[in-house]
Amino acid sequence: MQATTITPDVIRSHGLSDDEYARIEQILGRSPNYTELGIFSVMWSEHCSYKSSRMHLRGFPTSGPRVVQGPGENAGVIDIGDGWVAAFKMESHNHPSYIEPYQGAATGVGGILRDIFTMGARPIACLDSLRFGAIDAPRMKYLVDGVVRGIAGYGNCIGIPTVGGETSFDASYNGNILVNVFALGVARADRIFKGTASGVGNPVIYVGSKTGRDGIHGATMASAEFDETSEEKRPTVQVGDPFTEKLLLEACLEMMGNDAIVGIQDMGAAGLTSSSFEMAGRAGTGIRMHLERVPVRESGMTPYEIMLSESQERMLIVARKGREPEVLAMFEKWDLNASVIGEVTDDGFVRLFWSGTEVAAIPVEPISTEAPMYDRPRRKPDYLESMPRSLPRERWTEGDLTETLFRLLASPNLSSKRWIYEQFDTTVRTNTLARPERADAAIVRIKGTGRALALTSDVNPRYCYADPYEGGKQAVAEAARNIACSGGEPVAITDCLNFGSPEKPEIMWQFVECIRGISDACRELGTPVVSGNVSFYNETDGKAINPTPTVGMVGILADERKWLDQHFSESDLDVVLIGSTSDELGASEWQQMLLPEVQAAGPRVDLALEKSVVETILSLHRQHLIRSAHDLSNGGLAVALAECAIGAHGCHVDLGGHADDLDAIGLLFSESQARVVVSCPPSLTRNVIRECEKRGLEAMRIGRTEIATFLIERNGIPLVRTSTEGLERIWSSAFPKLLAGDSIDEILRGSGEEADLIAL
Amino acid sequence: MRFGIVILPGSNCDHDALHVAETIIGADVVTLWHKETDLKGSDCVIIPGGFAYGDYLRAGALAKFAPIMEPIRRHAAGGGLVLGICNGFQVLTEVGLLAGALMRNEHLRFICRDVHVRIEQDDTPFTSALSLNTVLRLPIAHGEGNYVADDSTLDRLESEGQVVFRYCDAEGRVTRESNPNGSSRNIAGICNAGRNVLGLMPHPERCAEALLGNDDGLGIFQAIARSFAPA
């Protein structure tokens, strides 16, 4: 047995401050040994302890009539009716994905799926929210390719469809890409499992892959910023095995069909350490584990390594005493390792033994209750003091607006992401009613219930940079609009809060302001936060990412047959614009196209108005007044109309009478919030407009759908004139061409001949 | 009639096949665990899609050693129906019940999209409810769907009428552009000489309900069920 001496260097290399080390000595009443030091270091890492964020996360609204389980468990759970519940959560795997994109992204998928099925829920859908640096930045195409292949490699193999998500590009992610994965599963309400180690004397059982030396200190890596040595951290990235996880998923769910197990928890970040401490902590018990019984992949592994390994596809189970044979037989059936490694005790300690000798003894309660919690200093960043409220625009002339629209549709952010999602299995499990780019949210049915769920992930990091409070509000508001525009009633959110270093007062200020915005919006829109994840230290060489609080929202459709398409499905429908437009081009896609840096504050978010928009769309849909609905977001009205028309019917609209004080650029590309385009039969237009006005919303018939035309006029003067085919050619072909190194100019000039897009 | 759905470690379309056979077709369905050696009276065995044994070696390569394969071979030899979808098709070529092999897609990427296939044979128990030259829109989702065989095998498959599905465009034209993975002669599915074993890369079980926006795959399951209906 090794006996590494605890020196100040050893303490520092574990990421512990002097204060934190003193606190460890106080808890133990002695100095820790090396294994204990390792355990404290991962439990108290930012990643596991939320020490910088915990006090602020308390501001989230977390309760509501449909909330079954709020934050604190492996995933949040909501009631979706008829005795069914949905468990969902979003998590980041940012740092590993930047270092090793394939495995980083793959294990991100694997980790979040375990969080779902450990609750007893069968995962049925994933979404990915991906943020990359400038598409021409060094390594970026390699990172895009690796992340997409990694998500595909894991998700496709395990057979959970990736049904939606978002991908955007901004130079602030050049040194820190973001991979946020949302997963959702369904279960019967009375079959929810929790991570609890209750029942003194109950056996503690290890199941799944063997423990190797991979991922040791992964949680610590995710708790520090990157510098030029980050490449050396490659060995801390875990390697995924989706096949084993598929077996683990099936074995666990089959096991949960009876009452042999009391509690179960995934070994995610900080592996066996966090799972054992958290399970004992929730139950107020202790755990004794004999580490030599842990199935290991290589010989000579020490207790330290076994406790800190982040090998994937492992679970810790507490079973009822006497039911061990059943549990072991089930995992034997699925050809998985399973070993009784300890039992639940009543002394409030996690005690670790190695061949009969106690090698660590740590009290369970203080490691969480006495965990460091920091009220880190906050300061409004200087750049915000000089941020104009709106974009000064004297320097730009109107130019050819059709070409401007084409340029936006060919941009990395707004072009079709078909190249990405066609590499994901979107249809396995035969629940996918709306595939990517079909409706504003992904729609999956719940077999046997007649119901469906709408899923979306949203945030505009540029808005969050320009005004973190408004940006936080906007993320929730846009998610709710997307859910409503696809026919769903918004119910609850999960969040994945990606920020720079919390040790910088400016970052901490951004963080707290975003949380305040999300909280206010969630209260107003009635969508509590049921789970989430914080990822700090997303910065490299002192340069932080834009604040990126990704919101994953779930909505319910009472009737699976009645989801709403975003497209114009036929000709001779009226096109109605709901909401009003003002001059809000700061932080917009149009602005980014001209100048990459954010130049002015983004759009204001009026939450009362947003709530009204959601209620109005749902009411219009319930009354069968509308045929399609599409939320206006990135790129504004012109891009939204194009998205309604691409691959569908076109439109001829005249915007005269709407925002007459705005110039054409503002009219077409402003990103004012709380706006939606709907189509409806002309005979119902008056009812649609009356319903909107009744609820305090501006609404105006702007034109008619036509088979192939795409014409936007203002008082009879054409602003944009093309065809649905012209839009589609640019929009659908741009992304793989950008990845191949083509410029937007080249794409616009592009030949008529289109290669198969996937065959890059 | 009774469908038997094989569950190999890593099968992930087993629930989907079960759903169609049981809920949509209304047939009797049993699941066949890979370690068992009894087909439990199945009339038609379905080897579903997925990643059997992770497909870490070569798609389907390890599945041929599963205990359930022996009774499946006997079932096929006796004229019993066997349908391999996607990974199931890969398994059937490895087991030797179907000719040729499935290689990595020509573009080396996994691809999931709807494709069109043309019915090339309507005298198999799997296609008898469909008319010759009918074009179906079916989803594919695979990384190794590139069908290959040597020329003499391909010629034999053609001359014996064993090429059952061919990738085509929406109008039924067999073109290079409509071939999603580089398959020889746009082959999407074939049967054995006895016409009782069929493998195809597209997923008919994923489009057998109007609710999913496409029920083009339903006819294949209806044909199977009908072939067991009392005359």
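**A walk through two chains of a predicted model**

The largest cavity in this predicted model has a volume of about 60 Å³, where a cavity is a set of points, on a 1 Å grid over the protein atoms alone, at which a 1.4 Å probe fits but cannot get out, and where the volume is the space filled by probe spheres set on the points, which are joined across faces, edges and corners. Among the residues that line this largest cavity are T427(A), T432(A) and R435(A), together with R206(B) and L212(B), a lining residue being one with an atom within 4 Å of a point. The structure holds three cavities of 30 Å³ or more.

Because the model is predicted, local features need pLDDT of at least 70 and side-chain atom pairs count only at pLDDT 80 or more, whereas totals for chains, interfaces and linings use all residues. Residues are numbered from 1 along each chain as its sequence is written, chains are lettered from A and ligands numbered from 1 in the order in which they are written, and side-chain values use heavy atoms, with hydrogens and water left out.

In chain A, an open sheet of six strands follows the order β14-β15-β16-β21-β17-β18, with mixed pairing; strands (E, at least two residues) and helices (H or I, at least four) are DSSP runs numbered from the N terminus, and two strands pair if DSSP finds at least two bridges between them. At the edges stand β14 (432–434) and β18 (529–535) of chain A, each with a single partner strand, so one side of each has no neighbour in the sheet. On average, neighbouring strands of this sheet are turned by 25 degrees against each other, direction ignored. Within the sheet, β17(A) (residues 489–498) runs antiparallel to β21(A) (residues 548–557), and nine bridges join them, with N498(A) standing opposite T548(A). Helix α20 (residues 505–525) of chain A packs on the sheet and touches β17, β18 and β21 of chain A, its direction making about 175 degrees with that of β17(A); contact here means heavy atoms within 4.5 Å, and such angles run from 0 to 180 degrees between the N-to-C directions of axes, which are lines fitted to C-alpha atoms, for helices over the stretch in contact.

Another helix of chain A, α19 (residues 468–485), has 18 residues that should span 26 Å at 1.5 Å a residue, and its end C-alpha atoms are 25 Å apart, which agrees; the expected span is 1.5 Å times one less than the number of residues. Helix α19(A) is mostly covered, with 18 of its 18 residues buried, which means under 20% relative accessible area, while exposed means over 50% and partly exposed lies in between (1.4 Å probe, protein chains only). After α19(A) comes G487(A), whose phi is positive, near 100 degrees.

Turning to chain B, strand β11 (residues 197–200) has V197(B) and G199(B) pointing one way and L198(B) and L200(B) the other, and all are buried. Strand β4(B) (residues 81–85) runs parallel to β11(B), joined by four bridges, and G84(B) has G199(B) as its bridge partner. Strand β10(B) (residues 187–191) pairs with β11(B) in the antiparallel sense over three bridges, C191(B) standing opposite L198(B). These two strands, β10(B) and β11(B), form a hairpin with five residues between them, and R195(B) in the turn has a positive phi of about 65 degrees.

In the loop between β9 (163–168) and β10 of chain B lies R185(B), which has a positive phi of about 50 degrees although it is not a glycine; R185(B) is partly exposed, at 31% relative accessible area. N186(B), in the loop between β9 and β10 of chain B, also has a positive phi, near 60 degrees, and is a residue other than glycine, but N186(B) counts as buried at 8% relative accessibility.

Conventions:
On a 1 Å grid over the protein atoms alone, a cavity is a set of points where a 1.4 Å probe fits but cannot get out, and a pocket is an open set with protein on both sides within 12 Å along at least five of seven lines; lining residues have an atom within 4 Å of a point.
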